[in-house]
Amino acid sequence: FALDGLLQNPDRRFTNTNLLTSWNSIFVFDHELAFSFLEEILPSGEPWRVSRLPFLSDHVFFRQLRGTEIEMGPFLARLRVLPQLALGEVLAEVPPEWNNGCVERIGQHIADVADHSEEFGEEIRRVLA
């Protein structure tokens with residue numbers, strides 16, 4: 001749920017799960033609508049403020065997570081260090097034919113959310129309250 005909030009992926013809905021489960025593992029796929037913020041005409045400037053995203057209430061995990069206390073610590077810890085540890089390397093691996101000029105914006109989006117990771121975690125909790 002938090003990953004799709006970070007990537008602003010509106011395509012993992014109850015009617016279109018785009019995931020597989022096996023025992024205690026979840027495998028997500030089909031990220032073609034991720035980074036929907038790239039299509040915003042008036043971006044918010046605060047990408048960590050995900051409680052404004054209407055698609056999160058349609059997310060495949062929303063019903064199960066709503067009203068529960070979720071542990072965001074491990075996710076947020078990884079998010080905080082992502083820009084320093086791996087984000088540049090990951091973005092550098094994007095094949096040139098896939099780079100439509102948005103790679104820098106994606107990197108900045110993730111870095112901005114990482115810089116405000118605690119606020120992002122609170123936003124996720126707010127959506128699920």
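The following paragraphs describe the overall build of a predicted protein model, then one of its helices, a surface patch and a group of salt bridges.

The protein contains 5 helices and 2 strands, and these elements follow the pattern α-β-β-α-α-α-α when they are read along the sequence. Its C-alpha trace spans about 40 × 30 × 30 Å along the principal axes. For a compact globule of 129 residues a radius of gyration near 14 Å would be expected, and the value of 15 Å computed for the protein agrees with this expectation. Of the 129 residues, 35% are buried, while the surface that the protein exposes comes to about 8200 Å², with carbon and sulfur atoms supplying 56% of it. Among contacts with a separation of 6 or more, 76% are made by residues that lie 24 or more positions apart.

Helix H4, which covers residues 103-115, illustrates how one element is placed within this arrangement. Its 13 residues should span 18 Å at 1.5 Å a residue, and because its end C-alpha atoms are indeed 18 Å apart, the expected and computed lengths agree. The buried residues of H4 are Val103, Ile106, Gly107, His109, Ile110, Ala111, Val113 and Ala114. In an α-helix there are 3.6 residues a turn, so residues three or four places apart point the same way. The buried residues of H4 pack against three other helices, namely H1, H3 (73-92) and H5 (117-128).

Helix H1, formed by residues 2-7, includes Leu3, and Asp4 also lies in this helix. These two residues differ in their surroundings, for Leu3 is partly exposed because its relative accessible area is 35%, whereas Asp4, with a relative accessible area of 3%, is buried because this value falls under the 20% cut-off. Together with Ile26 and Val28, Leu3 makes a nonpolar surface patch of about 230 Å². Asp4, in turn, touches Asn9, Arg12, Phe55 and His59 when residues up to four places away in sequence are not counted.

The structure holds 9 salt bridges, and a network of them links Glu46, Arg49, Glu119, Glu123 and Arg126. Within this network, the side chain of Arg49 meets that of Glu46 in a salt bridge with an N to O distance of 3.4 Å. Both partners are partly exposed, since Glu46 has a relative accessible area of 33% and Arg49 has one of 29%. Arg49 also meets the side chain of Glu119 in a salt bridge, here with an N to O distance of 3.2 Å. This pair links distant parts of the chain, as Glu119 belongs to helix H5 and Arg49 to the loop between strand E2 (25-28) and helix H2 (62-65), the two residues being 70 residues apart. With a relative accessibility of 32%, Glu119 likewise counts as partly exposed.

A further salt bridge joins Arg49 to Glu123, with the closest N and O atoms 3.9 Å apart. Because Glu123 lies in helix H5 and Arg49 in the loop between E2 and H2, this pair ties together parts that are 74 residues apart in sequence. Glu123 is buried, with a relative accessible area of 2%, whereas Glu119, in the case of the preceding pair, is partly exposed at 32%.

How values were computed. Residues are numbered from 1 along each chain as its sequence is written. This is a predicted model: local features need pLDDT of at least 70, side-chain atom pairs count only at pLDDT 80 or more; totals for chains, interfaces and linings use all residues. Side-chain values use heavy atoms; hydrogens and water are left out. Patches are made of residues with over 30% relative accessible area and no salt bridge: like charges are joined within 9 Å, nonpolar side chains (Val, Leu, Ile, Met, Phe, Trp, Tyr) within 5 Å. Accessible areas come from the Shrake-Rupley method with a 1.4 Å probe; for residues, only the protein chains shown count as cover. A salt bridge is a side-chain nitrogen of Lys or Arg within 4 Å of a carboxyl oxygen of Asp or Glu. Helices (H or I, at least four residues) and strands (E, at least two) are DSSP runs, numbered from the N terminus. Buried means under 20% relative accessible area, exposed over 50%, partly exposed in between (1.4 Å probe, protein chains only). The expected span of a helix is 1.5 Å times one less than its number of residues. Contact means heavy atoms within 4.5 Å. The radius of gyration is taken over C-alpha atoms; the globule rule is 2.2 Å times the number of residues to the power 0.38.
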